[in-house]
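Please walk through the structure shown below, beginning with one loop and then moving on to the sheet, the ligand site and the chain contacts.

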Amino acid sequence: MIFRTENLVAIGFVVLGPIIGGLIAGVDRILTARMQGRIGPPLLQPFYDLSKLFSKRIAPVNRLQVPFIVSHLIFVVLTGFLFFEGSDILLIIFVLTLAEVFLVLAAYSTGSPYAAIGAERELLLMTAYEPMIILTLVGLYQAAKSFNFYEILASTTPLILQLPGIYIGLLFILVMKLQKSPFDLATSHHAHQELVKGLTADMGGPVLGLVELAHWYESVYLYAIVFLFFSSSMLAACIGLVATFFFVILIDNVTARVKWQAALASAWIITLVAGAGNLVPFYLITRGH
Amino acid sequence: MGGVERSIWIVHYDASSCNGCDIEVLACLTPVYDAERFGCIVTGDPKQADLLLVTGGVNNRNVEVLKSIYGQMPEPRAVVAIGACAYSGGVFSECYNVCGGVATAIPVDVYVPGCAAKPESILDGVLRAAAILKERRVALRSAPRNAKKGSTEEGARR
Amino acid sequence: MTNLLLLLIGVPTAFGLVALLLKRYEIRSVVVVMAALIQAGLAVAFAASVGGSLPWQSGPAPAFLDYIILGLELTIAAAIAIIGARKRRLIPLVLALVQAALAIAGEKWTGGIESERLFVADQISLLLVVLVGLVGGLILFYSSGYMKTYTEEHPEIKDRRRVFACVMLVFLGAMYGLVVANDLRLMLLFWEMTTLASYLLIGYARTQEAQKSAFRALNLNLIGGISFSLAVILLAAKAGTVELDKLQALGKAGGASLAMVLAPAVFLALAGLVKSAQLPFTSWLLGAMVAPTPVSALLHSSTMVKAGVFLLLKLAPVLSGTMPGYLVAFVGAITFLGASFAAVSQRNAKRILALSTVSNLGLIVTCAGIGSYQLVWVAFFLILFHALAKALLFLGTGTVSVGTGSLDVEEMSGLVVSMPRVTLLMIVGISAMFIAPFGMLVSKWAAMEAFINLNSIVSPLMIVILAYGSAVTVLFWTKWLGLLVKIPDPTAPRGLLEAKVTKQEFIAEATLAILTIAACVTFPFVSAHVVEPYLLATYQQAFGLNRGNAFVTVLMVVMTVVVPGLLIFLTRKPAAFSPAYMSGRPQGPGLSFRGSKATEKRVETRNYYLTEFFEEGRILGAGSGIALLLIVIIIGTVLL
Ligand code: SF4
């Protein structure tokens with residue numbers, strides 16, 4: 001019972017998650033640089049950054065900041081653990097919401113004007129992408145008749161063909177979830193400075209390191225969800241993942257930041273048109289009696 | 001992984017420069033010079049920065065701001081003063097409100113010469129500061145956690 | 001057992017009358033606290049004694065009861081008519097007269113019918129009994145402290161605390177009667193009693209606004225009452241019975257017998273929709289927040305609105321799978337979505353709570369309307385968690401608003417510093433409303449899975465509605481939570497505003513918080529031993545969490561409480577704090593910039609309210625329109 005493959009994968013996620021996530025971030029930065037005609041940092045740059053962040057010394061802004069951030073990380077890791085352990089992914093996504101809430105609360109607690117706006121905007125983005133995430137999982141369930149990661153993985157038909165609209169919707173919100181332009185309005189990896197750093201404005205050193213780490217973990221299982229859409233053949237999966245990854249970075253580099261109105265409205269409309277537009281007929285066709 | 005000298009996050013403060021040096025600092029980020037090759041990122045937040053890049057001289061108004069920004073940077077940290085103004089006040093040194101170079105407010109580790117400083121030399125200055133950061137990190141590691149650390153060390157001059 | 005039940009109904013009522021006679025506040029408050037304790041004890045005792053073999057059934061009604069019920073009903077109608085006449089309000093007068101006329105005319109059909117079982121208590125009834133007992137008792141206890149401060153702070157409002165205490169107690173008695181009555185005539189009597197009681201409580205302050213809200217509540221609920229009367233008459237005329245369990249049995253049998261009872265069931269459901277403040281009837285509950293806090297807490301948590309969903313849940317086996325059932329579900333779904341959207345743009349704490357109540361009730365109504373066994377499971381837990389968390393939040397808000405002098409949530413900014421203990425309890429309440437492991441989200445997740453498994457045409461639509469609605473729920477709750485945990489100055493002294501909090505208030509809130517967490521941890525147990533037997537008996541199918549998911553959810557609850565709690569404890573004394581980044585120009589401790597000439601510019605941040613998108617009037621207006629249309633169609637389908 002303890003040594004099911006699922007458990008090993010889940011433990012593997014906890015151990016290797018940061019390495020994979022960090023490499024994803026490293027490739028991301030190199031690709032971004034190349035798109036801008038630069039050479040860019042070395043592949044291992046995110047790890048240098050993280051190790052540097054953990055070597056810094058900084059006092060917290062208040063008593064709640066650090067507990068909230070650590071909780072954020074713990075719950076993100078736990079979400080991933082349960083995800084790869086084969087628990088109900090719909091339930092887990094609700095747990096992920098909890099992790100996000102901790103991050104937002106950490107920002108709120110500082111009281112800093114920049115962090116406060118960042119927190120508000122992050123919340124707004126959560127509101128914007130949440131419906132699509134739920135529809136994605138319901139769509140996957142409907143196609144594979146399971147909320148278990150491995151059972152969906154084992155489905156023989158390529159899900160992307162059954163759920164093209166849902167995939168498009170997911171792609172759209174992936175940009176938000178990964179804090180990429182044009183939806184990087186809560187915080188940003190680039191030197192936009194009007195919000196200082198928004199959500200992470202008053203986090204420095206190890207505290208920021210924890211946020212980064214959580215972000216890496218998160219990106220791993222987000223891409224794992226993307227993977228599910230192509231899981232019927234290994235080749236398709238690789239191409240699909242790489243294409244998705246490339247697309248997200250491309251969008252990041254060719255768009256300018258939008259206002260919150262546009263972020264919310266566009267995400268909800270895409271969810272409704274592509275997501276629900278795909279799910280509703282698909283559900284009606286495939287429902288059992 | 002020796003992160004410190006390969007991951008240099010910069011906060012740039014324009015004290016009272018003529019903007020000449022600022023433009024050269026920004027030039028470092030462009031594809032021609034690509035500071036990110038060395039792991040340099042410009043951030044707007046002193047709490048996330050390792051290096052304070054100051055252009056222009058200090059005047060009576062901004063001396064507090066400069067001190068405050070420096071004070072909010074977590075240890076280990078370093079300061080690079082860019083251009084003649086940041087060294088001594090430069091062409092503005094005789095102005096009624098100018099106190100002098102950056103060193104009148106905060107300890108400076110590296111001076112980058114020029115009016116304006118060239119991007120190549122700015123990058124060079126940043127990398128020298130990175131080496132100083134590395135030393136400080138080693139020193140900080142051996143220092144007890146709560147001991148107050150005097151932040152002035154012999155400023156390397158170029 | 002019947003005697004215990006009669007005690008349960010009678011004791012609060014009797015204590016209420018005693019309270020009316022006691023002039024001295026001190027003595028009265030002792031009596032009220034005693035009444036609160038005794039009735040809670042009776043409620044638990046009743047639940048424990050009949051809990052072994054459910055459903056519990058009493059014997060038939062005594063022959064004369066018919067006349068007593070009729071007499072009491074006419075008395076209530078007369079009282080309302082007099083109120084209407086004295087206050088020069090035509091609508092309640094007319095409605096009360098219609099109700100009286102129906103009661104008398106209905107005798108022709110209902111008069112001769114003897115009910116075999118006067119009372120029936122199943123698991124749903126017992127859930128309500130326990131909730132009314134515990135939550136209602138705690139609210140009473142709270143009010144003994146709160147009303148003192150309230151009266152002192154509002155000298156302009158006439159001190160009518162005697163009436164207040166009396167009505168609150170009678171209200172609880174009526175609620176007990178309502179949830180165990182099987183004879184619908186008896187249930188109608190209690191139903192009307194709660195209507196009248198809520199009118200009196202909402203109008204407590206006697207200001208113009210209070211009067212207006214009280215009459216709005218009265219009018220709408222009288223309409224619901226008339227629908228109830230019609231249902232009873234229809235049922236008697238068509239099926240020759242006035243008993244709820246017989247109605248359920250006939251409905252479940254399907255075919256011709258379902259057709260016979262569908263119309264009465266639909267009229268009962270309409271009464272339930274009004275009482276549970278669904279669109280387009282929402283306005284009465286939103287207006288009710290002018291009442292003192294204990295009243296809001298009582299109306300929103302365990303009584304009144306829960307009576308509405310209770311009835312709908314009882315009707316679920318009848319409505320399930322029928323056209324009107326689906327339409328009722330859609331009314332609920334629209335209410336759920338509309339109210340959660342509207343809550344985003346609110347700054348008034350009580351209004352946020354009210355709208356979130358409405359939205360949760362909408363979800364419960366949706367579950368009951370579709371009525372699959374899984375959804376009934378969900379509805380059960382939604383009722384449980386919502387009653388506890390919402391009572392806690394209303395009481396907490398009341399306490400906080402006395403401290404800050406405002407109901408504006410922005411004024412609660414930094415509350416974790418100024419009222420740390422109460423804030424902790426509020427955080428438990430808010431978390432229970434929406435954060436993952438706590439009850440509400442588990443219920444929402446289960447609702448989602450239930451919709452998926454329903455395999456019906458309405459499922460995908462419901463899933464989409466739930467997806468949007470729950471996203472917005474996270475938004476408005478987290479916004480509020482964020483304000484509470486804001487710490488403008490980590491070195492400031494703590495607990496400055498907590499001096500005014502009375503002991504009664506704090507004890508009531510703390511108990512509710514503990515009950516909330518306990519419910520979250522023990523809910524797999526409740527599911528296995530209470531809800532699943534009910535579902536098996538009613539639907540011959542049971543739904544429960546599988547072991548893995550139950551484990552995950554309980555683990556989550558524990559972790560959510562333990563992880564931040566432990567971390568906060570471990571880091572309680574950091575060596576130093578670094579001040580927040582103030583663009584290089586901070587001024588002193590706390591959050592302010594130094595302006596020119598060394599003036600201090602305080603930092604003021606306000607939350608987003610997104611009125612562009614979530615304007616309350618527009619949303620509720622549109623929702624009411626659609627809901628009204630649906631209701632017309634519902635009536636049309638059963639009458640034609
Ligand atoms: S050193 Fe020269 S270019 Fe640079 S800020 Fe001073 S005056 Fe301008």
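C:Ala277 sits in the loop between helix 10 and helix 11 of chain C; helices (H or I, at least four residues) and strands (E, at least two) are DSSP runs, numbered from the N terminus. C:Ala277 is not a glycine, yet its phi is positive, about 55 degrees. This is a predicted model, in which local features need pLDDT of at least 70, side-chain atom pairs count only at pLDDT 80 or more, and totals for chains, interfaces and linings use all residues. Residues are numbered from 1 along each chain as its sequence is written, chains are lettered from A and ligands numbered from 1 in the order in which they are written, and side-chain values use heavy atoms, with hydrogens and water left out.

The loop that holds C:Ala277 also contains C:Pro280, between helix 10 (255–275) and helix 11 (283–287) of chain C. The peptide bond joining C:Leu279 and C:Pro280 is cis, with omega about 0 degrees. Most residues other than glycine have a negative phi, and most peptide bonds are trans. Chain B has a cis peptide bond too, from B:Glu75 to B:Pro76, with omega near -10 degrees. B:Pro76 belongs to the loop between helix 2 and strand 5 (78–82) of chain B.

Strand 5 is part of an open sheet in chain B, where five strands pair in parallel in the order 2-1-3-5-7. Strand 2 (40–42) and strand 7 (110–112) of chain B are the edge strands, each pairing on one side only. From one strand to the next the twist averages 25 degrees; the axes are lines fitted to C-alpha atoms, for helices over the stretch in contact, and angles run from 0 to 180 degrees between N-to-C directions. Two strands pair if DSSP finds at least two bridges between them. Strand 1 (residues 8–14) and strand 2 of chain B run parallel and are joined by three bridges. In one of these pairs, B:Ile8 has B:Cys40 of strand 2 as its bridge partner.

The ligand is also surrounded by residues of chain B, including B:Cys18, B:Cys21, B:Cys85 and B:Cys115; a residue counts as near if one of its heavy atoms lies within 4 Å. Which helix gives the largest share of the shell around the ligand? Helix 3 of chain B does, with three residues. Helix 1 (20–27) and helix 3 (83–88) of chain B each supply at least two residues of the shell. By class, seven shell residues are nonpolar, four are polar and none is charged. Here Ala, Val, Leu, Ile, Met, Phe, Trp, Tyr, Cys and Pro count as nonpolar, Asp, Glu, Lys and Arg as charged, and the others, Gly among them, as polar.

Between chains, 69 residues of chain C are in contact (heavy atoms within 4.5 Å) with 66 residues of chain A. About 5900 Å² is buried between chain C and chain A, 76% of it from carbon and sulfur atoms; buried area is the accessible area (1.4 Å probe) that two parts lose on being put together, summed over both. The count of salt bridges between chain C and chain A is zero, a salt bridge being a side-chain nitrogen of Lys or Arg within 4 Å of a carboxyl oxygen of Asp or Glu.

Chain B and chain C bury about 770 Å², with 42% of it on carbon and sulfur atoms. Contact there involves 11 residues of chain B and 13 of chain C. One salt bridge is counted between chain B and chain C: the side chains of B:Glu64 and C:Arg594 meet at 2.5 Å, N to O. Over all chains, the whole structure has 34 salt bridges. B:Glu64 lies in helix 2 (residues 63–72) of chain B and C:Arg594 in strand 3 (residues 592–594) of chain C, so this pair joins two chains.
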